[in-house]
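Here is a quick briefing for anyone opening this model for the first time. Have the structure on screen and follow along by topic.

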Amino acid sequence: MGSQLGLAGSRGAVAGGDNVAVLRGVHYAVDHKPVFRGLDVEIRRGEVTAIMGPSGTGKTTLLRLITGQIHADAGTVEVDGQDVGRLGRRELYALRRRMGMLFQNGALLTDIDVFENVAFPLREHARLPERLVRSLVLTKLHAVGLRGAARLMPQQLSGGMARRVALARAIVMDPDILIYDEPFAGLDPISMGVVMRLIRSLNDALGISSIVVSHDVREIALLADQSYILSEGQVVASGSPRELQDHPSPIVRQFMEGLADGPVPFHYPAPDYYGQLLAPGEAAR
Amino acid sequence: MKLLRELLQGMADFLGRAGAMTRFFGRLLWMTPAGLLRPRLVADQVYNAGALSLAIIMISGLFVGMVMGLQGHDLLARIGSEESLGTGAALTLLKELGPVVTALLFAGRAGTALASEIGLMRATDQLSAMDIMAVDPMKRVVLPRFLGGVISMPLLTAIFVMVSLFGVQLIGVQYFGIDRGQFWSEMRSYVELSDVREGLLKGLVFGIACSLIAVFEGYNAEPTAEGVGRATTRTVVVSAVATLVLDYIVTAILL
């Protein structure tokens, strides 16, 4: 697949050992409402790690902690051996240059075309001859199958195409870590298959580490080497997708089998149903 | 008691926001030398904020000038000094009307465009994406837009005043038949360079205020459609009030 993509990976020994990111005892709250209560997660180098869990369990928050957009209230978040919470802006930016992130909606810059979107990190961080920029951008666009769309504007792309362009932009600086936030959300089956294949093949061809936040169980089972399921601020299960399929925990079973009711209730907390229906006036609201 | 509490809360919110805007302004000033090293980005924004506002500035300027011609002539005819129309209009336009009306128009056209553009970039994760790519959105997005606005405003003020004077001349000379030579020569005799400086200084001060308010509101907009709408509305309202308050302060200092 690496040759099909037209990419070649080369990674030397780096800091952080076997793990590219480690979260230890992380506590994080928003408006005094706890999101994480002693979260422990290890992201292995060179693997595709999936972060799963019901909506609202803080999966995207976890990514924001890893990228240093927010900081843990307690505990440590280490990426490539560096404590993200202790880094200054300059050091954080140096670390982020080794990361690529695919946002749920692509987050392409809407005032420039596809080519310029992919070239954006190169133009901002490296003074390269225009010929080199051109060939780098076209290589990455070729890898995601959109070399022919180089001069389209983001508004002219479908959801799947926008995500593939964003993926080309995320890999243009040859990152060590690629982070995907809900990469399959809202995609048709063909686009989903394409994105899935790209995540796996880019991970292997470039020798990078991938973190995928998703709740698409079937896709993740085919894709991930290691998965974590989060619920109520903690990791409730971890392991390979096969191990998770056979997990005895009721919440893991509910999540993996997509059951409407279970430890995660179908109904949002509410007063007694019949009492509320029969109550007069304002009390019925 | 409740009213007092709400009043105090309102004051605390206002002071908090004013403090945040001052810090934001400080960051922009600190970054300005680096921003000027990328003149292409600033030039693009001078085009967006300035060149694209030209039509509204020129059309408004022409009609403001023509109304001044009508009203000024009516007023001066009562005291038999119609030939002073050019001088009166020029001083009014240069010292007050030009900078203030330009700032109000600028806030309505360029200010809202800046606030909504930056707000939408926030709502669609474009600013977060830049931040993740180790590109500071303050430097890459906010600063060029702020500088573009600051550079554009004095230029737009000058253009507004020139077009308005043309409008005054159109009514005074062409319509009412005031002597063309007298109209222009009296203006040249009484209007001093300091008056022009005052107008341009006000244009610069209002440009800083309106651009700062627009980029601040856009950058801090809630990332929702409603939030961007609110930021846009606040840009116009706060810019208009700030322009009038600053106008008084600058005038009091200069007089």
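Chain B has nine helices and zero strands, so to speak a run of α-α-α-α-α-α-α-α-α from the N terminus on. Keep in mind while you look around that this is a predicted model. Chain A brings in strands, among them those of an open sheet of six, and the two chains touch through 14 residues from chain A and ten residues from chain B.

**Chain B overall**

- Along the principal axes, the C-alpha atoms of chain B fill a box of roughly 65 × 55 × 30 Å.
- Of the 255 residues in chain B, 42% are buried.
- Take the contacts in chain B between residues at least 6 apart in sequence: 88% of them join residues at least 24 apart.

**Two spots to visit in chain B**

- Start with G203(B), which you'll find in helix α8 (residues 193-219) of chain B.
- Is G203(B) buried or exposed? G203(B) is buried, because 26 other C-beta atoms lie within 10 Å, and 20 are enough to count as buried.
- G203(B) and G98(B) are 105 residues apart in sequence, yet their C-alpha atoms are 8.3 Å apart in space.
- Setting aside neighbours within four places in sequence, G203(B) is in contact with P99(B), T102(B), M153(B), P154(B) and T157(B).
- Next comes A231(B), in helix α9 (residues 225-254) of chain B.
- A231(B) counts as buried because it has 24 C-beta neighbours inside 10 Å.
- Which residues does A231(B) touch, not counting those up to four places away in sequence? They are A115(B), G119(B), E217(B), G218(B) and A221(B).
- From A231(B) to I208(B) it's 23 residues in sequence and 18 Å in space, C-alpha to C-alpha.

**The six-stranded sheet in chain A**

- This open sheet in chain A has the strand order β6-β7-β8-β3-β9-β10, and its pairing is mixed.
- Why do β6 and β10 of chain A each have a side without a neighbour in the sheet? They stand at the edges with a single partner strand each, so one side of each is left free of a neighbour.
- On average, neighbouring strands of this sheet are turned by 15° against each other, direction ignored.
- For a parallel pair, look at strand β3 (residues 48-52) and strand β8 (residues 209-213) of chain A, joined by four bridges.
- In that pair, T49(A) has I211(A) in β8(A) as its bridge partner.
- Helix α2 (residues 59-66) of chain A packs on the sheet and touches β3, β7 (177-181), β8 and β9 of chain A. The direction of this helix makes about 150° with that of β8(A).
- For an antiparallel pair, try strand β9 (residues 226-231) and strand β10 (residues 234-239) of chain A, which pair over five bridges.
- I229(A) stands opposite A237(A) in β10(A).
- β9(A) and β10(A) make a hairpin with two residues between them, and E232(A) in the turn has a positive phi of about 50°.

**More strand pairs in chain A**

- Strand β1 (residues 19-30) and strand β4 (residues 74-79) of chain A are antiparallel, with five bridges.
- Here A21(A) stands opposite V79(A) in β4(A).
- β4(A) also runs antiparallel to strand β5 (residues 82-83) of chain A, over two bridges.
- E78(A) has D83(A) in β5(A) as its bridge partner.
- In the hairpin of β4(A) and β5(A), two residues lie between the strands, and D80(A) takes a positive phi near 50°.

**Where the chains meet**

- On the side of chain A that touches chain B, α3 (89-96), β6 (99-102) and α4 (114-125) of chain A each supply at least two residues.
- α4(A) gives the most to that side, with three residues.
- By type, the residues on that side of chain A are seven nonpolar, four polar and three charged.

**The nonpolar core**

- How many residues does the largest nonpolar core have? It has 136, and A168(A) and V212(A) are those with the most contacts inside it.
- Helix α4 (residues 85-123) of chain B brings the largest share of this core, 16 residues.
- Beyond its neighbours within four places in sequence, A168(A) is in contact with V118(A), K140(A), L141(A), A143(A), V144(A) and L146(A).

How values were computed: Residues numbered from 1 in each chain as written. Chains lettered and ligands numbered in written order. Predicted model: local features only at pLDDT ≥ 70, side-chain atom pairs only at ≥ 80, totals over all residues. Contact = placed C-beta atoms within 7 Å. Nonpolar A, V, L, I, M, F, W, Y, C, P; charged D, E, K, R; others polar. Core = buried A, V, L, I, M, F, W, Y, C linked by C-beta atoms within 7 Å. Buried ≥ 20, exposed ≤ 12 C-beta atoms within 10 Å, placed from the backbone. Pairing = 2+ DSSP bridges. Axes fitted to C-alpha atoms, helices over the stretch in contact; angles between N-to-C directions.
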